[in-house]
Amino acid sequence: QVQLVESGGGLVQAGGSLRLSCAASGSILAIPTMGWYRQAPGKQRELVATITNGGDTNYADSVKGRFTISRDNAKNTVYLQMNSLKPEDTAVYYCSMNVFTGWGPPRLHWGQGTQVTVSS
């Protein structure tokens, strides 16, 4: 069984920074893609950023130049460095990983979510 555990959320003033982490544990052979999504109150969950095991990244336009996604394959961990935070970045942030365990095709797993609140 695969579990994803997130950490690093909190309350920060506009212009500040936060770093989120998400570590996967369990029977893992490979994680082709890792990503971060967020969901603000009353809104749908949206993509923030993704990164492949080759290091290719993709960002939502709203976070380009401010957020950086990275991964440590040895630790099965993905990070999201968030700089120049804005009140509109306030949301619950979820990590996701497409995990290959060797039993069938890769499956998508989600973290429990971590609250990020940016005050103006």
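Good morning. Read from one end of the sequence to the other, this protein follows the pattern β-β-β-β-β-β-β-β-β-β-β. In total there are 11 strands and 0 helices. Please keep in mind throughout that the model shown above is a predicted one.

Let me begin with the overall dimensions. Taken along the principal axes, the C-alpha atoms fill a box of roughly 45 × 25 × 25 Å. The radius of gyration is 14 Å, which agrees with the value near 14 Å that a compact globule of 120 residues would have. Of those 120 residues, 39% are buried. As for how the chain contacts itself, consider the contacts between residues at least 6 apart in sequence: 54% of them join residues at least 24 apart.

I turn next to one of the sheets. In which order do its 4 strands lie? The order is β1-β3-β8-β7, in an open sheet with antiparallel pairing. The edges are taken by β1, residues 3–7, and by β7. Each of these two has a single partner strand, so one of its sides is left without a neighbour in the sheet. From one strand to the next, the twist averages 15°.

Within this sheet, I would draw your attention to β7 and β8. They pair in the antiparallel sense over 6 bridges. Together they form a hairpin, with 4 residues between the two strands. In the turn, N76 has a positive phi of about 50°. Two of the pairings can be located by residue: D72 has T77 of β8 as its bridge partner, and S70 stands opposite Y79, also in β8.

Which side chains of β7 are buried, and which are not? The side chains alternate along the strand. F67, I69 and R71 point to one face and are buried, whereas T68, S70 and D72 point to the other and are not. The residues just named as partners of β8, S70 and D72, thus belong to the face that is not buried.

Let us now consider the covalent cross-link. A search of the whole structure finds 1 disulfide. It is formed by C22 and C95, whose sulfur atoms lie 2.0 Å apart. The link is right-handed, with 45° about the S-S bond. Where in the chain do the two cysteines sit? C22 is in strand β3, residues 18–25, and C95 is in strand β9; the pair links distant parts of the chain, 73 residues apart. C22 counts as buried because its relative accessibility is 1%, and C95 counts as buried at 0%.

Next to C95 in the numbering is S96, also a residue of β9, the strand that spans residues 91–100. Is S96 buried or exposed? With a relative accessibility of 6%, S96 counts as buried. Leaving aside residues up to four places away in sequence, S96 touches L4, T33, M34, G35, Y37, L108, H109 and W110.

My final topic is the charged pairs. The structure holds 4 salt bridges, and I shall describe some of them. In one of them, R38 is paired with E46, with the closest N and O atoms 2.7 Å apart. R38 counts as buried, since its relative accessibility is 5%, while E46, with a relative accessible area of 37%, is partly exposed.

Another salt bridge joins K64 and D61, with 3.1 Å between the closest N and O atoms. Here D61 counts as exposed, because its relative accessibility is 65%.

A further salt bridge brings together the side chains of R66 and D89, at 2.8 Å from N to O. This pair links distant parts of the chain, its members being 23 residues apart. R66 lies in the loop between β6 (57–59) and β7 (67–72), and D89 lies in the loop between β8 (77–82) and β9. R66 is buried, with a relative accessible area of 11%, and D89, at 0% relative accessibility, counts as buried. Which residues do salt bridges with shared partners join into one network? They are R38, E46, R66 and D89.

To close, I return to two points. The protein has 11 strands and 0 helices, and the C22 and C95 disulfide connects β3 with β9. Thank you for your attention.

How values were computed
Residues are numbered from 1 along each chain as its sequence is written. This is a predicted model: local features need pLDDT of at least 70, side-chain atom pairs count only at pLDDT 80 or more; totals for chains, interfaces and linings use all residues. Side-chain values use heavy atoms; hydrogens and water are left out. Buried means under 20% relative accessible area, exposed over 50%, partly exposed in between (1.4 Å probe, protein chains only). Contact means heavy atoms within 4.5 Å. Two strands pair if DSSP finds at least two bridges between them. Axes are lines fitted to C-alpha atoms, for helices over the stretch in contact, and angles run from 0 to 180 degrees between N-to-C directions. A disulfide is a pair of cysteine sulfur atoms within 2.5 Å. The radius of gyration is taken over C-alpha atoms; the globule rule is 2.2 Å times the number of residues to the power 0.38.
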